[in-house]
Amino acid sequence: MATTRAEAGITAWSSSATRTVIARRVARVAARGAALWGFVFGAVVVASVTGYVNAYPTLADRRGVAESLGTNPGVQALLGTAHRIDTVAGFVAWRSVGVMGLVGGVWGLLTATRLLRGEEDAGRWELLLTGRTDRGRAALAGCAGLAGGLVALWIPTAVLTVLAGRGPDAGFSVTASLFLSVALVAPAAMFLAIGALCSQLAATRRQASTLAAAVLGVSFVVRLVADSGTGLRWLAWASPLGWVGELRPLTGTRPAPLLLVAAVVAGSVAGTVALARRRDLGGSILADRASAPARTRLLGSPLAFAVRLSRATTAGWMVGVALGGFIFGVVAKAAGDALNSGSAADLLARIGGRSTGARTYLGVAFFVIGSLVALQAAGHVATTRDEEADGRVDNFLVRPVRRIPWLAGRLAVAVAAITATGLIAALAAWIGAASQHTGVGLAAMVGAGLNVVPAGVVVLGIGTLAHAALPHRASAVAYGLVGWSFLIELVGGIVDADHWLLDLSLFHHLAPAPAVSPRAGAAVAMVLVGLAAAAVGALWFRRRDLVPA
Amino acid sequence: MSEPAITTNGLSKAFGSLVALHPLDLEMAAGEVLGYLGPNGAGKTVTIRLLLGLLRPTAGGARIFGLDSQADTADAHRHLAYVPGEASLWPALTGEETLHLLGRVHGRVDGRYRDELVERFALDPTRKVRTLSKGNRQKISLIAAFMSRAELLVLDEPTSGLDPLMEQEFRRAVLEAKDGGQAVFLSSHILSEVEALCDRIAILRAGRLVETGTMSDLRHLSALTVEVTFDGTPPDLDGVPGVSQVEIVGSLLRCQVNGPIEPLLQRLSTARVTQLLSREPSLEEIFLAHYGVSSLELGREPAAPRAGDGDDGGDDPR
């Protein structure tokens, strides 16, 4: 460790200590969030075991589930291909790997781009580079730090998975449990590495995370198409998320795809180091124009400018949900037919609604769309706080611009953006459904699209309140609310959790449209809650000091 | 305009138990150029952010041309333009787009003057802010402020990052503003800049206003530098009232005199003086005289953790 040498009052650390300073620093920051998510990953496994055993106590129950869900292309498109879900092992693996893989991927890319590109954008990387290191080594040290974060994610996951597996209901071997925990964190590992690579390619943190998110989005859609029973099963091998499914934890334990995972990680890290050596600090590999002719559209007022700032991100969300909605629509008929014929309707009824068929399936699909819309809303909260944290809002507030109209304008833009996203998802799903003559009306789909918006409004409202009261925690509160609600729905649907727990979820109060008609009263109530929270937040924000990062 | 540009009335700010600004009473006339001086952490940026309504005062208040800076913030801001020490701009916009946006938001732009300033500051307006150096970003901020022709310019360390040529352009622009009757509140570390531009100077120390006045007022308060050359060994000046910091180099003696010079002259009359020079203190000497004595203490002066005075640029809260 650090050896100190007192020579004329100079403290000198050994070169090994200075060499690891970057890695330790990155690891420390990454590990904080990682440990928390590790517990969530583990908790999902624990909840899936108890949930399955409670919901399907007999062999006959389990066979029923396997017959319906196990052959249902729509549900498998959502969660990944199911293997042997008439057993606890098969169900737990199916339930946890697909969803937590997605969560882990998002965590990984956000963490990597924040700690590498974000630190560089803020000028802090520069300080570290003036030490005894070069860019390539510093990038490698950054990757090593991210690996530390991955370990912090894996340890709680592994401990809880092994504990859950040792219970009498589960009876997984320790090796099998450990393999499941590896499968659960594999997407996080890949997207940490991909995030690090994108941090070298792009010119800003936002560009880097957008790029990495696009890779994740494409992986998810490719996996979704492969698992939707369209005869394109081989496509799973084209998607990193597909490889994770092919690991078959608990049911087959096939370690070979781990080689692909390792190859992505190693290749991305090697690319990261090589690119970091080649490029300038603060520069990018992808062409980024240094100058451009002035485009003065949407530069007339703070409101117009808020539209300009958010339009690229909004377009990205809209393309993403339109693609997802279209695929959900296309597979809805086949999924609905399978649902009608099995006891899966019973299972879906717990997460979905009482109706059967394609509409029930689309009800579940729009829960996914709703989660994405809520995430989009959380993103708006985070960028509004960033405008203040980085001091850019000062440019407006030292001119004749009042705080409340500025904040209200940004909220209005956010509400318009999430509404447009909900509607485009509905339209795309309707087109997809109509192409298969599914017989779901446009009005019902538009209703389902609008039905998810109130959840986003609540996120915006609570997020705005947090922005005013706890500026440094604003995005954590907004994203936390979405993550919490998502997990509650996921776990609560099969566990029959206490009612008050479900009440704390954003999505619990919304009808699973189009499976049933939207509940207007609940939707209006949620919008009012969101608006009230936003109003309190705005008044608070007007009265407080501006708080830099 | 008869209303003063700035009036503060017991304006003060505490962050928790840390007092960043003790009750401040300051008045600045319309058309006046005021230099606002103080070491890092003295509370200069806090004062400015209070004047702008970005921070809420713990007690007291401020008026900009008679408009309350907290209640009528937006109206007060129609009369002023502000340049921070380090501007945070939108990285994806070009310089021209930024100036367009800020001009439209401010609501008043002298387009011809803007184009002239872009030329004079040698700014390439087609470059994206992301690719600009700190000094070039600073130019955008300065042009945005000057092009508004606002009655009051509030400048917080405005020349940080500018090269000497651009600093000359900045001085020219301030003098033009002064000629046009605009008031300028200039917080600065560059004492020669303050000395060249300002009618009046206010010195802040540890959140308290310790001195205000014109340059000649301040000179009165400070020591006179006296240099004497002797034919032979300089005499011993111990015990002469008002004399301090005596330095002797060969036959040259340099010392500071506070108060009446007569006791020193009496002592010198007994020695063989070949040359006697006296010089009024520069602003730098006045400034150092205010802080030099207790420079150790200065290091321990409270700096607000978040919204402290960001003079050193590193932790500039903007």
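Student: How much area do chain A and chain B bury between them?
Tutor: Chain A and chain B bury about 3500 Å² between them, and 56% of that is on carbon and sulfur atoms; buried area here is the accessible area, taken with a 1.4 Å probe, that two parts lose on being put together, summed over both. Keep in mind that this is a predicted model, in which local features need pLDDT of at least 70 and side-chain atom pairs count only at pLDDT 80 or more, while totals for chains, interfaces and linings use all residues. Residues are numbered from 1 along each chain as its sequence is written, chains are lettered from A and ligands numbered from 1 in the order in which they are written, and side-chain values use heavy atoms, with hydrogens and water left out.

Student: Which three residues supply 20% of the area that chain A buries against chain B?
Tutor: They are V398(A), R399(A) and P400(A), which supply more of that area than any other three residues. Counted by contacts, meaning heavy atoms within 4.5 Å, 43 residues of chain A meet 37 residues of chain B.

Student: And how many salt bridges are there between chain A and chain B?
Tutor: The count is three, where a salt bridge is a side-chain nitrogen of Lys or Arg within 4 Å of a carboxyl oxygen of Asp or Glu. One of them joins the side chains of D394(A) and R49(B), at 3.2 Å from N to O.

Student: Switching to chain B, what does its secondary structure come to?
Tutor: Chain B has eleven helices and 14 strands; these are DSSP runs numbered from the N terminus, with helices (H or I) of at least four residues and strands (E) of at least two. Buried residues, those under 20% relative accessible area with a 1.4 Å probe and protein chains only (over 50% is exposed, in between is partly exposed), make up 52% of the 318 residues in chain B.

Student: In what order do the four strands of the open sheet in chain B come?
Tutor: The order is β2-β1-β4-β5, with antiparallel pairing, and two strands count as paired if DSSP finds at least two bridges between them. The edge strands, each pairing on one side only, are β2 (18–28) and β5 (67–68) of chain B. Helix α1 (residues 44–51) of chain B packs on this sheet, touching β1 (6–15), β2 and β4 of chain B, and its direction makes about 115° with that of β1(B); such angles run from 0 to 180 degrees between N-to-C directions, using axes fitted to C-alpha atoms, for helices over the stretch in contact.

Student: What about β4(B) and β5(B), over how many bridges do they pair?
Tutor: Strand β4(B), residues 59–64, pairs with β5(B) in the antiparallel sense over two bridges, and I64(B) stands opposite L67(B) there.

Student: Further along, which residue takes a positive phi in the hairpin of β12(B) and β13(B)?
Tutor: That is G250(B), with a phi near 60°, in a hairpin with two residues between the strands. Strands β12 (residues 243–249) and β13 of chain B pair in the antiparallel sense over five bridges, whereas β11 (residues 224–230) and β13 (residues 252–257) of chain B do so over six.

Student: Last topic: how many disulfides are there over all chains?
Tutor: The count is zero, a disulfide being a pair of cysteine sulfur atoms within 2.5 Å.

Student: Why is there no bond for C198(A)?
Tutor: Because its closest cysteine sulfur, in C143(A), is 12 Å from its own sulfur, which is too far. C198(A) is also buried, with a relative accessible area of 5%.
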